[in-house]
Structure formats: structure tokens, C-alpha cells
Amino acid sequence: MREIAAESAGPVGSIHHLEIWVPFLERAKEEWGWLLGELGYQPFQEWPTGCSWKLDGTYVVVEQTDATTATTHRRTDPGVNHVAFHAGTRENVDRIRALGADAGWYEMFESKYPHAGGPDHYAAYLLNTDSYEVELVAG
């Protein structure tokens with residue numbers, strides 16, 4: 001089992017960490033590692049069944065565990081549908097969107113880009129090989 005380093009408390013209500021159970025660790029390391037790196041996360045921890053990336057007081061974990069009950073993720077099943085990240089400027093959202101497919105992240109709602117979330121919401125919606133969805137929101 002991994003050890004979590006002691007950390008200072010963040011603002012009440014902020015996310016401490018997000019743990020994502022994945023069907024294929026090596027693929028997840030590549031895809032999530034690329035995306036999180038583009039968002040400013042740095043590699044944080046690694047152990048035989050997983051790894052994590054950290055940005056300020058928040059970290060994201062991907063782990064392949066024997067405790068999973070399926071080999072596929074379906075974002076349309078009950079549970080978390082997607083994770084939304086602040087992605088900085090509109091230009092940065094555009095840049096990550098343009099590079100995403102080469103890193104295993106494919107665009108959703110392409111015909112509605114960048115306003116699939118509404119006329120006042122600038123975002124890219126990406127889906128990776130294992131069907132995890134992220135929303136990249138411009139400030």
C-alpha cells in the first residue's frame with residue numbers, strides 16, 4: 001500500500017485528492033500523466049499498482065487494483081460523470097484540445113466547441129481511451 005505524505009490543510013471545501021481506479025495502469029499513466037502535466041501537475045508518488053500527480057495541495061491518483069468489479073469504465077452509469085479542471089486562458093484550452101488526440105484524449109461535442117456548456121461557458125470536453133471524461137474550463 002502507498003504512503004500518503006503529511007500535508008497542510010487546504011481551504012475548507014477544496015479537494016484534497018481524487019483517486020481514479022483504472023483498468024490499465026500503463027495506459028492511464030500515459031494519458032492522465034500527459035493531461036495533468038499540461039495543467040501544471042507534477043509527478044508525486046509511484047508504487048506498483050499506481051501513481052499520482054500533485055498541484056499545490058491537491059493530488060490525483062490513478063490505480064489499477066484487484067478490488068475493481070469491472071474492466072471497463074462507463075461514465076453514463078450512476079456515479080461521477082466527469083471531472084472539470086480550471087485550464088487557464090482560452091488559448092490554453094484551445095492548445096490542450098488541439099494536442100489531446102495525440103495523447104489519448106478525444107474531443108466530445110466537437111460541433112459545439114467551445115460553447116457546448118452554454119454561450120457564456122468556454123470549455124473543451126475530452127474523453128480518454130478508457131472513457132473517462134474531463135472538462136477543461138477557461139477562466
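Buried means under 20% relative accessible area, exposed means over 50%, and partly exposed lies in between. Keep these cut-offs at hand for the exercises below. The model is predicted.

**Exercise 1. Burial classes in a salt bridge**

Task: Find the class of Glu107, buried or exposed or in between, and then look at its salt-bridge partner.

Solution:
- Step 1. Glu107 has a relative accessible area of 24%.
- Step 2. Buried needs a value under 20%, and exposed needs one over 50%. Glu107 is therefore partly exposed.
- Step 3. The side chain of Glu107 meets that of Arg97 in a salt bridge, at 2.8 Å from N to O.
- Step 4. Arg97 lies in helix α2 and Glu107 in strand β6, so the pair ties together parts that are ten residues apart in sequence.
- Step 5. Arg97 has a relative accessible area of 26% and is partly exposed.

**Exercise 2. Further salt bridges**

Task: State how many salt bridges the structure holds, and describe some of them.

Solution:
- Step 1. The structure holds seven salt bridges.
- Step 2. One of them joins Arg95 and Glu38, with the closest N and O atoms 2.5 Å apart.
- Step 3. This pair links distant parts of the chain. Arg95 sits in helix α2 (residues 90–100) and Glu38 in helix α1, 57 residues apart.
- Step 4. Arg95 is partly exposed at 33% relative accessible area. Glu38 is partly exposed at 24%.
- Step 5. Arg74 and Asp77 also form a salt bridge, at 2.9 Å from N to O. Arg74 is exposed, with a relative accessible area of 52%. Asp77 is partly exposed, with 33%.
- Step 6. Glu26, Lys29 and Glu46 are linked in a network of salt bridges.

**Exercise 3. The length of helix α1**

Task: Check the span of helix α1, residues 25–38, against 1.5 Å a residue.

Solution:
- Step 1. Count the residues of α1: there are 14.
- Step 2. The expected span is 1.5 Å times one less than the number of residues. For α1 this gives 20 Å.
- Step 3. The end C-alpha atoms of α1 are 19 Å apart, which agrees.
- Step 4. Now list the buried residues of α1. They are Leu25, Ala28, Glu31, Trp32, Gly33, Leu35 and Leu36.
- Step 5. Look past the end of the helix. Gly40 follows α1, and its phi is positive, near 100 degrees.

**Exercise 4. The four-stranded sheet**

Task: Work out which strands stand at the edges of the open sheet, and why one side of each is left without a neighbour.

Solution:
- Step 1. Write down the strand order of this open sheet of four strands: β1-β4-β3-β2, with mixed pairing.
- Step 2. β1 (17–21) and β2 (42–47) stand at the edges. Each has a single partner strand, so one side of each has no neighbour in the sheet.
- Step 3. From one strand to the next, the twist averages 20 degrees.
- Step 4. Recall how pairing works. Strands of a sheet pair through backbone hydrogen bonds, either parallel or antiparallel.
- Step 5. Apply this to one pair. β2 and β3 run antiparallel and are joined by five bridges. Trp47 stands opposite Gly50 in β3.
- Step 6. Add the helix. α1 lies across β1, β2, β3 and β4, and runs at about 5 degrees to β3.

**Exercise 5. Backbone angles in the loops**

Task: Asp56 and Phe109 are not glycines; find the sign of phi for Asp56 and for Phe109.

Solution:
- Step 1. Asp56 has a positive phi of about 50 degrees. It lies in the loop between β3 (50–55) and β4 (58–63).
- Step 2. At 70% relative accessible area, Asp56 is exposed.
- Step 3. Phe109 has a positive phi of about 55 degrees. It is found in the loop between β6 and β7.
- Step 4. At 42%, Phe109 counts as partly exposed.
- Step 5. Pro114 lies in the loop between β6 (105–108) and β7 (123–128). The peptide bond from Tyr113 to Pro114 is cis, with omega near 5 degrees.

**Exercise 6. The annotated span**

Task: Find which residues UniProt lists for "domain: VOC", and describe that span.

Solution:
- Step 1. The unreviewed UniProt entry lists residues 14–139.
- Step 2. This span is 20% helix and 34% strand.
- Step 3. The end C-alpha atoms of residues 14–139 lie 18 Å apart.

Note on methods
Residues are numbered from 1 along each chain as its sequence is written. This is a predicted model: local features need pLDDT of at least 70, side-chain atom pairs count only at pLDDT 80 or more; totals for chains, interfaces and linings use all residues. Side-chain values use heavy atoms; hydrogens and water are left out. Helices (H or I, at least four residues) and strands (E, at least two) are DSSP runs, numbered from the N terminus. Buried means under 20% relative accessible area, exposed over 50%, partly exposed in between (1.4 Å probe, protein chains only). UniProt positions are given in the numbering used here, feature names are shortened, and annotations may be inferred rather than shown by experiment. Two strands pair if DSSP finds at least two bridges between them. Axes are lines fitted to C-alpha atoms, for helices over the stretch in contact, and angles run from 0 to 180 degrees between N-to-C directions. Contact means heavy atoms within 4.5 Å. A salt bridge is a side-chain nitrogen of Lys or Arg within 4 Å of a carboxyl oxygen of Asp or Glu.
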